[in-house]
Amino acid sequence: MTQILFYAFIYLFAAVAAVLVSKRFGLGSVLGYLMAGITIGPVLGLVGKEVESIQQVAEFGVVMMLFLVGLELAPHKLWALRHKLLGLGGLQVGLTVALIALMAMLLGQSWQVGVAAGCILALSSTAIVLQTLGEKGLLSSQGGQSSFMVLLFQDVAAIPMLALLPLLGAAGAAAKAEGVDHSINLLAGEPVWLQALVTALVLCLIVFGVRRIVPPAFRHIGRTGLREMFTIFTLMLVVGIAELMAVIGLSPALGSFIAGVALAESAYRHELESHLEPFKGLFLGLFFITVGAGINFKLLGAELGLILGLTLGLLLLKMLVLYGLGRIFRLSRPANKLFVFSLAQAGEFGFVLLSISKQSHLLPRLIADRLLLVIALSMVATPLLFLLYDWLAARSARRPQTAERPHDEIGEDKPIILLGHGRFGVQINSMLAACGFHSTVIDYHAETVDGLTRFGLKTYYGDANRPELLASAGLHEAKLLIVAIDDRSRAVEIIRFVRRHYPKLPIIARAYDLHHGHELQRAGADHVIRETFDASMRSARLALEALGIATDKAQALAELYTQRSEYRMQALADMHEPEMPKYANEKMAEKMRQIEAETVALMQQLLHGESHPAAAADGAAGKD
């Protein structure tokens with residue numbers, strides 16, 4: 001018992017410490033777990049022979065991961081995305097597998113080993129790429145969306161690969177002879193037609209069984225009020241399906257994925273996710289730690305040149321494939337750069353497929369160890385690839401004359417200039433256009449400009465920070481400037497420039513939050529609109545009505561609070577000091593408390609019918 005607790009503490013402490021360090025440097029949790037395994041294994045030698053036995057338990061995290069992946073892949077969503085999935089994703093996986101297999105055969109390996117290596121190395125790191133794209137705000141860009149489509153296809157493609165690799169290895173009898181696979185395969189030695197028939201029946205049983213059993217079971221458990229029963233039932237479901245697949249000789253992960261897809265459109269999908277997510281994170285983290293602990297550093301030292309060469313060769317090969325596909329599918333140059341640099345590495349699914357290949361005796365031990373090192377090193381190189389992409393993007397921005405697309409020439413004068421046509425600016429432009437007011441729209445995202453132009457919405461490409469672009473847009477003749485870009489610092493700089501050179505031009509600006517609103521107000525914006533404020537006020541008004549307050553009274557209260565909020569922003573803008581932390585200014589905090597107290601008093605007066613909201617707001621503003 002003491003030894004079990006000791007090893008549990010070692011693994012958990014290493015995971016927490018390494019992941020926190022890894023996240024601090026923007027490397028992602030997967031690399032953190034790998035570093036934890038390397039530290040407690042090859043480096044410090046705190047764990048040894050028990051790693052393989054722990055890995056058998058940790059692989060249950062892979063089963064849970066694929067069940068949750070299946071829950072996210074509703075069949076109708078996959079069908080709607082079929083063209084991009086099969087186009088970009090299918091070609092990327094197919095070409096990469098074929099090229100790696102061909103190179104392996106040229107190096108003297110069998111075609112089975114070549115195909116296995118191709119499957120293992122073709123998949124990229126979903127965890128690292130999506131996290132990095134999200135942190136950089138690039139996920140919604142053309143390059144980010146293309147990367148997401150490929151990653152989505154790779155997640156789906158990993159499932160048939162899980163079934164294919166054991167067949168390539170012909171693992172059955174050999175694995176049992178060496179004691180590698182301790183599971184019971186009831187179909188071993190049976191005719192092929194019988195194995196196929198039983199497999200098909202079991203898959204149908206899983207699909208229709210979970211659809212029929214899970215919803216009524218969850219309803220019945222809900223009536224008991226015992227929340228832990230949800231967790232127990234969910235774990236029982238996944239464990240049962242995994243064991244059923246193992247009994248007929250198929251991958252447990254494949255069965256859990258199929259069950260997840262079958263439940264993807266269930267009303268209890270989010271309930272299942274919420275109860276499995278903590279266990280998936282724990283077991284999957286443990287799996288990656290055991291992978292790190294099993295890395296053969298003696299081999300890395302002995303074959304450093306070869307391993308680095310293979311890693312560099314993999315990165316270049318995948319980048320060439322991705323670049324060619326980006327050109328074929330007409331991605332813009334900035335989008336294609338992001339597409340190429342984000343997906344060049346191998347991924348965490350490669351560790352899973354490598355583990356399956358080793359169990360199936362498909363790959364020799366030496367080749368498996370080399371591939372493990374190549375996967376790990378390529379994932380470590382991913383942050384460096386993103387840094388290289390950032391450097392290239394910044395270099396293109398500094399040299400507009402050599403950029404892939406010059407700023408558009410604006411040959412028309414419009415009374416309204418709208419900067420930014422994202423989720424905020426598009427609604428403003430749409431309403432103005434419906435009322436007969438046409439705007440000059442400027443946006444810095446080439447894919448946005450191209451997409452809107454296809455739909456008949458004239459939008460110009462350019463950086464609004466450049467004075468000559470604003471001048472060519474007719475800023476000196478404009479009646480209104482609307483700043484709706486999502487870059488906080490750029491928005492403030494633009495308003496400062498415009499207010500300095502065009503002091504009488506009305507400016508409406510989008511603010512991220514109250515703190516940003518103060519900066520925009522000080523910069524010279526006439527009207528500052530917090531992007532979520534109106535939606536919040538509408539929600540609050542509906543909440544008041546739900547609590548029994550009459551509709552007209554709730555509307556009046558919402559209007560009063562909105563007026564007071566605008567007054568507070570104006571009153572505090574002059575006191576705002578950008579270099580200080582939020583609300584660290586004592587004078588500003590005192591003023592805020594005073595205004596809040598006045599607002600509460602006015603709201604209470606209106607609530608009890610003692611004053612009219614407009615009069616109350618005007619009176620309060622006049623006192624200051």
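These legends describe close-up views of a predicted model.

**View 1. The aromatic pair of phenylalanine 9 and phenylalanine 13.** One aromatic pair is found in the structure. The ring centres of phenylalanine 9 and phenylalanine 13 are 5.8 Å apart, and the ring planes meet at 20°. Planes under 30 degrees apart count as stacked, so this pair is stacked. A pair of aromatic rings is described by two things: the distance of the centres and the angle of the planes.

**View 2. Phenylalanine 9 and phenylalanine 13 in helix α1.** Helix α1 covers residues 2–24 and holds both phenylalanines. Four residues separate phenylalanine 9 from phenylalanine 13, about one turn of the helix. Are these rings' residues buried or exposed? Phenylalanine 9 has 53% relative accessibility, so it counts as exposed. Phenylalanine 13 also has 53% relative accessibility and counts as exposed. The cut-off for exposed is over 50%.

**View 3. The second largest cavity.** Two cavities of 30 Å³ or more turn up in a search of the whole structure. The second largest has a volume of about 50 Å³. Which residues line this cavity? The lining consists of Tyr561, Arg564, Ser565, Arg568, Ile595, Glu596 and Thr599.

**View 4. Helices and residue classes around the second largest cavity.** Helices α27 (551–573) and α28 (586–607) each supply at least two lining residues. Helix α27 gives the largest share, four residues. What classes of residue make up the lining? Three residues are charged, two are polar and two are nonpolar.

Note on methods: Residues are numbered from 1 along each chain as its sequence is written. This is a predicted model: local features need pLDDT of at least 70, side-chain atom pairs count only at pLDDT 80 or more; totals for chains, interfaces and linings use all residues. Side-chain values use heavy atoms; hydrogens and water are left out. Rings of Phe, Tyr and Trp (its six-membered ring) pair if their centres lie within 6.5 Å; planes under 30 degrees apart count as stacked, over 60 as edge-to-face and the rest as tilted. Buried means under 20% relative accessible area, exposed over 50%, partly exposed in between (1.4 Å probe, protein chains only). On a 1 Å grid over the protein atoms alone, a cavity is a set of points where a 1.4 Å probe fits but cannot get out, and a pocket is an open set with protein on both sides within 12 Å along at least five of seven lines; lining residues have an atom within 4 Å of a point. Grid points are joined across faces, edges and corners, and a volume is the space filled by probe spheres set on the points. Ala, Val, Leu, Ile, Met, Phe, Trp, Tyr, Cys and Pro count as nonpolar, Asp, Glu, Lys and Arg as charged, and the others, Gly among them, as polar.
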